[in-house]
Amino acid sequence: MTYLWLKAGHITFVIFWMAGLFMLPRFFVYHQEAEPGSAEEARWIDRERRLLRIILWPAMGVTWLLGLALAISIGAFAQPWFHAKLGLVLILSAYHVWMAGYAADLAQGKRRLEGKRLRILNEVPGIATVLIAIMVIVKPI
């Protein structure tokens with residue numbers, strides 16, 4: 001029964017995390033379209049900070065905790081599919097940290113990326129999700 005509760009919690013928080021990772025780059029696109037120093041830009045800065053603080057950071061942390069507990073409970077560390085999944089989750093976590101850094105840069109007025117590049121970056125969580133689902137469900141390796 002513990003396994004099922006861990007799995008349900010893990011999946012729930014993965015959904016929260018992914019939702020936030022899909023939203024944040026879109027926020028950046030709209031933020032960058034706002035006039036620098038405007039009230040609209042200030043609202044986007046606030047939205048990005050709240051998304052990170054209230055949803056993204058907690059969801060990532062709980063996803064990791066429950067995922068590791070789940071892996072321990074099923075002995076996944078000895079299985080090759082899990083190593084691939086873990087590598088993908090590490091990449092996704094690094095992407096999350098990078099996006100948080102970009103949010104901080106935007107808040108300081110540094111607009112390093114174009115909207116088109118941010119729209120492309122928005123595909124990273126989707127691609128990672130597909131690959132992770134294949135590793136967990138199909139276990140091709």
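Which residues form one aromatic cluster with Y30? That would be F27 and W44, and the close-ups below start from the whole chain before zooming in. This is a predicted model, so local features need pLDDT of at least 70, side-chain atom pairs count only at pLDDT 80 or more, and totals for chains, interfaces and linings use all residues. Residues are numbered from 1 along each chain as its sequence is written, and side-chain values use heavy atoms, with hydrogens and water left out.

**View 1. The whole chain, an all-helix run with five helices and zero strands.** Reading from the N terminus, the elements go α-α-α-α-α. Helices here are DSSP runs of H or I with at least four residues, strands are runs of E with at least two, and numbering goes from the N terminus. Along the principal axes, the C-alpha atoms fill a box of roughly 50 × 25 × 15 Å. Of the 141 residues, 37% are buried (under 20% relative accessible area; exposed is over 50%, partly exposed is in between, with a 1.4 Å probe and protein chains only). Take the contacts (heavy atoms within 4.5 Å) between residues at least 6 apart in sequence: 79% of them join residues at least 24 apart.

**View 2. F13 and F16, an edge-to-face pair in helix α1.** By the ring-pair rule, there are seven aromatic pairs in total. For F13 and F16, the ring centres are 5.3 Å apart and the planes sit at 85°, so this one is edge-to-face. The rule takes rings of Phe, Tyr and Trp (its six-membered ring) with centres within 6.5 Å; planes under 30 degrees apart are stacked, over 60 edge-to-face, and the rest tilted. Both residues belong to α1 (residues 2-33), three residues apart, or about one turn of the helix. F13 is partly exposed at 27% relative accessibility, and F16 is partly exposed too, at 40%.

**View 3. Charges over tryptophan rings, at W44 and W81.** W44, a member of the cluster with F27 and Y30, has the charged end of R47 over its ring, 4.3 Å from the centre. Over at W81, the charged end of K139 sits over the ring at 4.7 Å from its centre. To count, NZ of Lys or CZ of Arg must be within 6 Å of the ring centre and within 35 degrees of the ring normal.

**View 4. Helices α3 and α5, crossing left-handed.** The axes of α3 and α5 (residues 124-137) come within 9 Å and cross at roughly 165°. Axes are lines fitted to C-alpha atoms, for helices over the stretch in contact, with angles from 0 to 180 degrees between N-to-C directions. The two helices are therefore roughly antiparallel (over 145 degrees; under 35 is roughly parallel, 65 to 115 roughly perpendicular, the rest oblique). Left-handed means the near helix is turned anticlockwise from the far one by less than a right angle, and right-handed means clockwise.

**View 5. L6 in helix α1, a buried leucine.** L6 has a relative accessible area of 15%, so it counts as buried. Setting aside neighbours within four places in sequence, L6 is in contact with L66, A69, L70 and S73. H96 is 90 residues from L6 in sequence and 23 Å away in space, C-alpha to C-alpha.

**View 6. D105 in helix α3 (residues 80-107).** D105 is buried at 17% relative accessible area. Not counting residues up to four places away in sequence, D105 touches K110 and R112.
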